[in-house]
Protein chains: 2
Amino acid sequence: MAQQKATNITWHEAIVTVEDRERLLNQKGCVIWFTGLSGSGKSTLANAVEQLLHQQNHHTYVLDGDNVRHGLNKNLGFSPEDREENIRRIGEVAKLFADAGTIVMTAFISPYRTDRDQARELIAEGRFVEVFVDCPLDVCEERDTKGLYKKARAGEIKEFTGISAPYESPLDPEVTVNTAELSLEESAQAVIASLVKTGLVPADN
Amino acid sequence: MAQQKATNITWHEAIVTVEDRERLLNQKGCVIWFTGLSGSGKSTLANAVEQLLHQQNHHTYVLDGDNVRHGLNKNLGFSPEDREENIRRIGEVAKLFADAGTIVMTAFISPYRTDRDQARELIAEGRFVEVFVDCPLDVCEERDTKGLYKKARAGEIKEFTGISAPYESPLDPEVTVNTAELSLEESAQAVIASLVKTGLVPADN
């Protein structure tokens, strides 16, 4: 270890700040919040955006059902209270990642405006990018990637968003992407363009 | 945007892996879990270790009472169940950060062996570093940085670790640091030395 480095430290105020971490990563920590119906393509789009950002050497992470529902939120069900707590925890974890300087993406249906707005309120102004993954219900249902719509129509799943539970579309999202009309690449580029426009990531020259 | 880059992507398997992120950050994601009595110096030590790692261009984050108890875990109290859930959530969040490739430190009393072992089980072999911040109770109580021992002795705080609730020392921690005998710098270097020894971070030449 380089002792001379260590002795430069003001030990009693040894705090690495979010600005320090952002300087190291050469980016701004922020939250890209994907919302939309089941099957609208949130996770696929988040992963595509992550790959574009990663190619530009950005540090990124995607929170989705796979790593959150089976871990942090495995003790939550699908009651209204549990759904709210699910989104609350995701918002708080996203805040921690943004504070770490990471570009964090969340890919959850998050059907309620109030819950999404509460997540937004946790994050610094300009660092929360709501992406409405807008895809008509009939297209999502036809895709039925997980076979959930079929079960919901058969009544095997109660309170399924879009069928038997409401989805509240964002009123003023930073980005809207119609995944029934745009290709995945076009959709991902639309999200990146928004990040570049607001200065969250530099243009890739 | 560089269109030619985007078209190189295999869009349907567009997953950035933990290995990709670790390559970008030039480090291994891992969890450094500090445990010890209130006043033993966990947060101070975690911040000092973070500063040393940051100086070596490592991407780090510290989870502690300030950013967790007031956020993710603000709906938890101090009952046995809530304490257990508190540590469970911290373990799960630490796992997410390690999966992001970040060196994450947790600074919580975490008095129960079972809870700490459950956190360890979430993390890949060799990526969990338990640091026992070993400081005699009388020294912690004399420091009483937050005035909590005084309140605990007066009975104003119930079930206070070390006074009226147990602290279970780690049986086989990766690192033990006696903060009553070592300086903060020596303590931080002891943690770094362990990370270097096990290859989690390269030696700083």
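**Exercise 1. Get a feel for the fold of chain A.**

Task: Work out what share of the 205 residues of chain A counts as buried, and how the chain is built.

Solution. Start with burial: 53% of the 205 residues in chain A count as buried. Keep in mind that you're looking at a predicted model. Next, tally the secondary structure, which comes to 9 helices and 5 strands in chain A. Walk along the sequence and the pattern reads α-α-β-α-β-α-α-β-α-β-α-α-β-α. For overall dimensions, put a box around the C-alpha atoms along the principal axes; for chain A that gives roughly 70 × 40 × 30 Å. Finally, check the contacts: among those in chain A between residues at least 6 apart in sequence, 74% join residues at least 24 apart.

**Exercise 2. Decide how far to trust it.**

Task: Find the mean pLDDT of chain A, and say which stretch has a pLDDT below 50.

Solution. Chain A has a mean pLDDT of 91, with 93% of its residues at 70 or more. The stretch to flag is residues 1–12 of chain A, where the pLDDT is below 50. In the model, this stretch still has 25 contacts beyond near neighbours in sequence. Don't lean on those, though: where pLDDT is low, predicted coordinates shouldn't be read in detail. For the complex, the predictor gives an ipTM of 0.92 and a pTM of 0.92.

**Exercise 3. Take apart the interface.**

Task: Describe the contact between chain B and chain A: how many residues does each chain put in, and how much area is buried?

Solution. First, count residues: chain A brings 51 and chain B brings 51. Then the area, about 4,900 Å² buried between the two chains, with carbon and sulfur atoms giving 62% of it. Now the specific interactions. There are 4 salt bridges across the interface; one of them pairs A:Glu50 with B:Arg21, whose closest N and O atoms are 3.3 Å apart. The count of residue pairs in polar contact, both at pLDDT 80 or more, is 14. On the chain B side, the elements that each supply at least two residues include helix 1 (3–6), helix 3 (42–55) and strand 2 (60–64). Helix 5 of chain B gives the largest share of that side, 8 residues. By type, the side of chain B that touches chain A splits into 22 nonpolar, 17 polar and 12 charged residues.

**Exercise 4. Follow one glutamate.**

Task: Is A:Glu130 buried or exposed, and what does its side chain pair with?

Solution. Locate A:Glu130 in strand 4 (residues 128–134) of chain A. Its relative accessible area is 5%, under the 20% cut-off, so A:Glu130 is buried. Its side chain makes a polar contact of 2.8 Å with the side chain of A:Arg116. Leaving aside neighbours within four places in sequence, the residues in contact with A:Glu130 include A:Trp33, A:Thr35, A:Arg120 and A:Pro170.

**Exercise 5. Compare two positive phi values.**

Task: Where are A:Asn26 and A:Asp144 found, and is each buried or exposed?

Solution. Some background: most residues other than glycine have a negative phi. A:Asn26 has a positive phi, near 55 degrees, and sits in the loop between helix 2 (18–25) and strand 1 (30–35) of chain A. With a relative accessible area of 60%, A:Asn26 is exposed. A:Asp144 also has a positive phi, near 35 degrees. The loop holding A:Asp144 runs between helix 7 (137–143) and helix 8 (148–153) of chain A. At 17% relative accessibility, A:Asp144 counts as buried.

How values were computed: Residues are numbered from 1 along each chain as its sequence is written. Chains are lettered from A and ligands numbered from 1 in the order in which they are written. Side-chain values use heavy atoms; hydrogens and water are left out. Contact means heavy atoms within 4.5 Å. Buried area is the accessible area (1.4 Å probe) that two parts lose on being put together, summed over both. A salt bridge is a side-chain nitrogen of Lys or Arg within 4 Å of a carboxyl oxygen of Asp or Glu. A polar contact is a pair of N or O atoms within 3.5 Å; within protein, one must be able to donate a hydrogen and the other to accept it, and residues adjacent in sequence count only if both atoms are side-chain atoms. Helices (H or I, at least four residues) and strands (E, at least two) are DSSP runs, numbered from the N terminus. Ala, Val, Leu, Ile, Met, Phe, Trp, Tyr, Cys and Pro count as nonpolar, Asp, Glu, Lys and Arg as charged, and the others, Gly among them, as polar. pLDDT is the predictor's confidence in each residue, from 0 to 100. Buried means under 20% relative accessible area, exposed over 50%, partly exposed in between (1.4 Å probe, protein chains only).
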